[in-house]
Amino acid sequence: MIVREIVRDVESPLSESADAAVASITLDRQGSATNAIFEVRDPASERVIATPPDHSVDDGLAALARADRAGRAWARETARRRSDVLHHAYDLLIEQKDRLARIITREMGKPLAEAYGEVQYASDYVRWYAEEALRPAGNFRENPVGGSTILTSRAPIGTALLITPWNFPMAMATRKIAPAIAVGCGAVVKPAELTPLTTLAVAEIFVRAGVPEDLIQIVTTTRAADLSSALMADPRIRKVSFTGSTGVGSILLGQAAQHVIKTSMELGGNAPLLVFDDADLERAVEGAVVAKLRNGGQSCVAANRILVQSGIADAFVEGFTERMSRVVLGNGLGEGVTLGPVIDDRAVRKFSSLVDDAVAHGAELRLGGSAPDGAGHFFEATVLDRVPEASEIALTEIFGPIAAISRFDTEAEALERANSTPFGLASYVFTENIDRAFDVADRLDAGMVGINQGIVSNVAAPFGGVKASGLGREGSGEGLEEYQEIRFYNLARRAR
Ligand code: NAD
């Protein structure tokens with residue numbers, strides 16, 4: 001087993017510029033009625049890096065009033081004007097990519113190169129919806145029995161409540177904000193309390209780009225449940241878009257049902273990654289490493305169960321473990337670091353217990369498996385082979401840098417095991433046989449299938465899941481429709 005020193009790097013010009021980037025954010029643009037604050041900590045050092053306001057429910061309701069008022073005026077602007085403002089926002093976000101990437105790494109921990117990747121990916125949603133804002137939003141149909149023509153149009157749904165998780169603090173925010181404002185909605189955004197800073201910085205940039213001051217309200221708070229129930233009980237909220245755990249998603253769905261609010265739910269995953277004997281070994285190893293380690297494994301589409309056919313399994317495990325052993329663990333701002341800290345201590349304890357449980361059930365530990373001593377929330381890149389189906393790690397969403405590999409013999413067995421979960425977000429298939437690729441992809445219970453690659457996310461793709469992984473889609477044209485309501489006009493015609 002290869003164990004490396006972790007790169008802790010705390011004092012460096014890069015850390016100083018990250019601190020300066022964090023210090024440049026206006027923490028309370030809206031104003032809070034109380035002086036309450038909460039602490040945001042750098043997961044690599046556990047140091048407090050900012051103390052934003054801990055907004056109350058009343059602050060949230062005042063924010064809703066502002067967003068709703070601004071939204072009504074914004075909806076009357078032309079689509080061209082909204083598009084131009086979003087294009088300008090895209091340019092400013094890219095201009096500020098160094099600052100934004102440093103803020104992301106400081107508050108969330110991912111390696112700086114990945115934070116740059118997130119800035120680009122997140123900004124791409126803004127550019128995509130600047131373009132999409134101009135697309136035709138209606139159609140024209142004939143009454144099949146004659147006598148009328150039906151014209152359909154799409155109108156902005158109204159003010160949206162947008163609740164985001166901590167793992168992609170910029171992309172999860174822009175994937176919701178950009179389509180909402182592109183069609184003419186106002187938004188109240190509740191970022192995760194672990195990572196509110198990036199969202200605050202992004203909102204400031206939107207205002208500089210010409211978005212009306214009140215249109216996007218960021219409510220930082222530790223009282224998520226109180227805030228969201230109060231806002232959802234208010235008739236001005238017409239849409240809730242949530243990304244986070246299935247548990248919280250189902251609470252919100254209950255509240256949305258009570259008040260009849262349209263929802264989009266991007267929830268948890270348990271992605272299977274299938275490697276068949278006829279896969280290209282190098283491609284499968286590379287794809288599995290990306291699908292496992294992107295964002296330190298803290299991604300809803302991360303490969304959670306790696307299922308490998310017996311004929312290729314030994315070679316795959318050897319190649320994969322070798323590739324995982326090259327990972328450099330440390331502070332995301334450190335030189336050459338490819339795996340940052342995980343989000344908090346709770347996650348570290350969960351990973352240790354998942355590894356212990358898998359080994360107790362008979363899994364073989366091939367790499368890593370421990371949390372290094374010292375400050376920060378770190379966990380080694382870990383490979384477990386021959387993971388039994390009954391172990392906890394095969395059933396739960398890992399959300400960290402642990403690869404759980406198990407083996408199968410037949411295609412039918414692989415599909416049966418892949419689908420034996422309540423979740424259905426992403427999945428991955430590696431095979432060089434095109435018939436098998438599409439056939440297996442069709443039969444996987446998943447909203448997204450990566451074929452011979454470990455990445456599924458793309459602005460042009462309708463991101464989302466089936467089963468307990470959620471409802472609705474984000475990105476692409478479908479993501480825009482989530483913020484619109486359809487209406488039609490039934491126009492009487494003379495009989496011919
Ligand atoms: P979480 O559900 O704990 O929190 C998500 C957000 O909801 C945070 O802003 C949190 O403050 C808020 N929240 C918590 N309790 C709430 C309540 N009772 N009412 C209203 N809001 C509440 O999830 P997390 O730990 O931040 O994120 C990890 C989860 O998110 C994982 O399950 C992951 O799979 C999922 N996720 C899904 C996608 C997707 O697109 N499907 C993307 C990223 C993350």
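Biologist: Which helix gives the most to the shell around the ligand?

Modeller: That's H8, with 3 residues. Keep in mind that this is a predicted model. A residue joins the shell if one of its heavy atoms lies within 4 Å of the ligand. Here 29 residues surround the ligand, and the closest are Thr 164, Lys 190, Glu 193, Ser 245 and Glu 397.

Biologist: Okay, and which elements each supply at least two residues of that shell?

Modeller: Look for helix H6 (171-183), helix H8 (224-232), strand S8 (237-243) and helix H9 (246-259). Zooming out to domains, the shell takes at least three residues from domain 1 (13-267 + 470-485), and at least three from domain 2 (271-458).

Biologist: How many of the shell residues are nonpolar, polar or charged?

Modeller: You'll count 16 nonpolar, 8 polar and 5 charged.

Biologist: Now the polar contacts. Which side chains have an N or O atom by an oxygen atom of the ligand?

Modeller: For a polar contact, look for a pair of N or O atoms within 3.5 Å. Trp 166 has a side-chain N or O atom 3.0 Å from a ligand oxygen, and for Arg 175 that kind of distance is 3.1 Å. Backbones can join in too: an N or O atom in the backbone of Leu 267 is 2.8 Å from a nitrogen of the ligand.

Biologist: And how much of the ligand's exposed area does the protein bury?

Modeller: On its own the ligand exposes 840 Å², and the protein buries 86% of that.

Biologist: Last one: where does the ligand sit?

Modeller: In the largest pocket.

Note on methods
Residues are numbered from 1 along each chain as its sequence is written. This is a predicted model: local features need pLDDT of at least 70, side-chain atom pairs count only at pLDDT 80 or more; totals for chains, interfaces and linings use all residues. Side-chain values use heavy atoms; hydrogens and water are left out. A polar contact is a pair of N or O atoms within 3.5 Å; within protein, one must be able to donate a hydrogen and the other to accept it, and residues adjacent in sequence count only if both atoms are side-chain atoms. Accessible areas come from the Shrake-Rupley method with a 1.4 Å probe; for residues, only the protein chains shown count as cover. On a 1 Å grid over the protein atoms alone, a cavity is a set of points where a 1.4 Å probe fits but cannot get out, and a pocket is an open set with protein on both sides within 12 Å along at least five of seven lines; lining residues have an atom within 4 Å of a point. A molecule sits in a cavity or pocket if more than half of its atoms lie within 2 Å of its grid points. Helices (H or I, at least four residues) and strands (E, at least two) are DSSP runs, numbered from the N terminus. Ala, Val, Leu, Ile, Met, Phe, Trp, Tyr, Cys and Pro count as nonpolar, Asp, Glu, Lys and Arg as charged, and the others, Gly among them, as polar. Domain bounds come from an automatic or database domain assignment.
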